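Reader: I should be grateful for a close look at a single part of this model, followed by an account of the setting in which that part is found. Please keep the description formal and connected.

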Amino acid sequence: MLPYKRVEFKTYDSTTLRGNLYHAPNAREQAPIVIFVHGIGLLKEQYLENWFRHFLQAGYHVLSYDHRNFGDSDGLPRNHFNWVLQAEDFIDAVTYAAALPEVDQDKIFGWGVAHAGGLIGMAAAMDNRIAGIIMFLPCIDGSWDKSRWGERTWKEVQRHRVQGKLADGESVQFWPLTDEDAAGKGLSVLSGDCVRDWSANGQKMADQGGNKSFTGRVTLASIWEDYKTRPAAFFHAIKAPVLWVMATDDVVCGPLEFTMEWYDKLGCQKEICILKGEHLPQYFDPGFPKSVEAMLAFLAKYAT
């Protein structure tokens, strides 16, 4: 693992978020920083260091943190996802980073994957301090997500919305961790051998990083929150430059023509990187080096 400093900061509603601050070894006195956030139900220790290494070597500091209600961060109910609140929290992460003496407060960038890609788009639409964002395979529409969750999951979500309470924290297995879940015979929302292997490896990464709280679960209320949120509706207000990385066969975020439609609507400076294949394989070769090259070129253009 890369060396880091454990940090924490308060959100607008006084929730404490905890994360890791990585310093670029050859950074100038006040250097740009990239704030990384992960997707739904995932933790800062899972896979993101693969990108950190390249960004740090290029002279950019890195901050990553666990979303509220997950991992090392505070918040209740545990394992509860809320797209809008996470976007608000990202704004608070920008405030924290801007106060660091080693950071150029005019060069604070966001990086988000999947649902976090959507939330940094919302944050950039609301906060002009953000110098640019990298949306890596972003999820941008809760109605598209609903089409993937399955009828069984949606019935449980509706039952809980009528009969349950947010505070009860009733949860569902989201990320598959067993053979049964991978085969679609368990109770997990997602399935497939590739997803199970990716999730299980991510659990090991979290454990090795000392963050042993990953269960792969989210609250049923999370899926309700997901469905009713449309991050792309905010994107017209983004003024900062955007790098949008998308994949040709991404069943997580939506068809290429769907994401391209929203990319075309962006009125800001924008760049696109299209990777061949599905969503999760882009964390590895051959998509990974192509995405890193595009990200570093984007930062070289806007962070200098």
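**A proline and its setting**

Author: In this predicted model, P255 is partly exposed, with a relative accessible area of 30%; the class follows because partly exposed covers the range between under 20%, which is buried, and over 50%, which is exposed. P255 is found in the loop that runs between β9 (242-247) and α9 (256-265). Leaving aside residues up to four places away in sequence, P255 touches W144 and D250. The partner W144 is 111 residues from P255 in sequence, yet the C-alpha atoms of P255 and W144 are 9.9 Å apart in space.

That link across the sequence may be set beside the contacts of the whole chain. In the protein, 73% of the contacts with a separation of 6 or more are accounted for by residues 24 or more positions apart.

The aromatic rings offer further examples. A search of the whole structure finds 28 aromatic pairs. One of them is formed by F36 and W111, which are stacked, at 4.6 Å centre to centre and with 25° between the planes. This pair links distant parts of the chain, since F36 belongs to strand β3 (residues 31-37) and W111 to strand β5 (residues 103-114), 75 residues apart. F36 is buried, with a relative accessible area of 0%, and W111 is likewise buried at 0%.

A further pair has another geometry. The ring centres of Y47 and Y283 are 5.5 Å apart and their planes stand at 65°, so the pair is edge-to-face. Y47 lies in the loop between β3 and α1 (49-57), while Y283 lies in the loop between β10 (270-275) and α10 (287-302), so the pair ties together parts that are 236 residues apart in sequence. Both Y47 and Y283 are buried.

These details belong to a protein with 10 helices and 10 strands. Its radius of gyration is 18 Å, close to the 19 Å that the globule rule gives for 304 residues, so the protein is as compact as a globular protein of that length. The C-alpha trace spans about 55 × 40 × 35 Å along its principal axes.

Burial and surface complete the picture. Of the 304 residues, 59% count as buried, whereas P255 is partly exposed. The protein exposes about 12700 Å², and carbon and sulfur atoms supply 52% of that area. As for charge, the mean positions of the 31 positive and 38 negative charges are 2 Å apart.

Key
Residues numbered from 1 in each chain as written. Predicted model: local features only at pLDDT ≥ 70, side-chain atom pairs only at ≥ 80, totals over all residues. Heavy atoms only, no water. Helix = DSSP H or I, 4+ residues; strand = E, 2+ residues; numbered from the N terminus. Rg over C-alpha atoms; globule rule 2.2 N^0.38 Å. Buried < 20%, exposed > 50% of the residue type's maximum accessible area, 1.4 Å probe, protein only. Contact = heavy atoms within 4.5 Å. Areas by Shrake-Rupley, 256 points an atom, 1.4 Å probe, with all protein chains shown as cover. Lys, Arg positive; Asp, Glu negative; His and termini not counted. Charge placed at Lys NZ, Arg CZ, Asp CG, Glu CD. Phe/Tyr/Trp six-rings, centres within 6.5 Å; stacked < 30°, edge-to-face > 60°.
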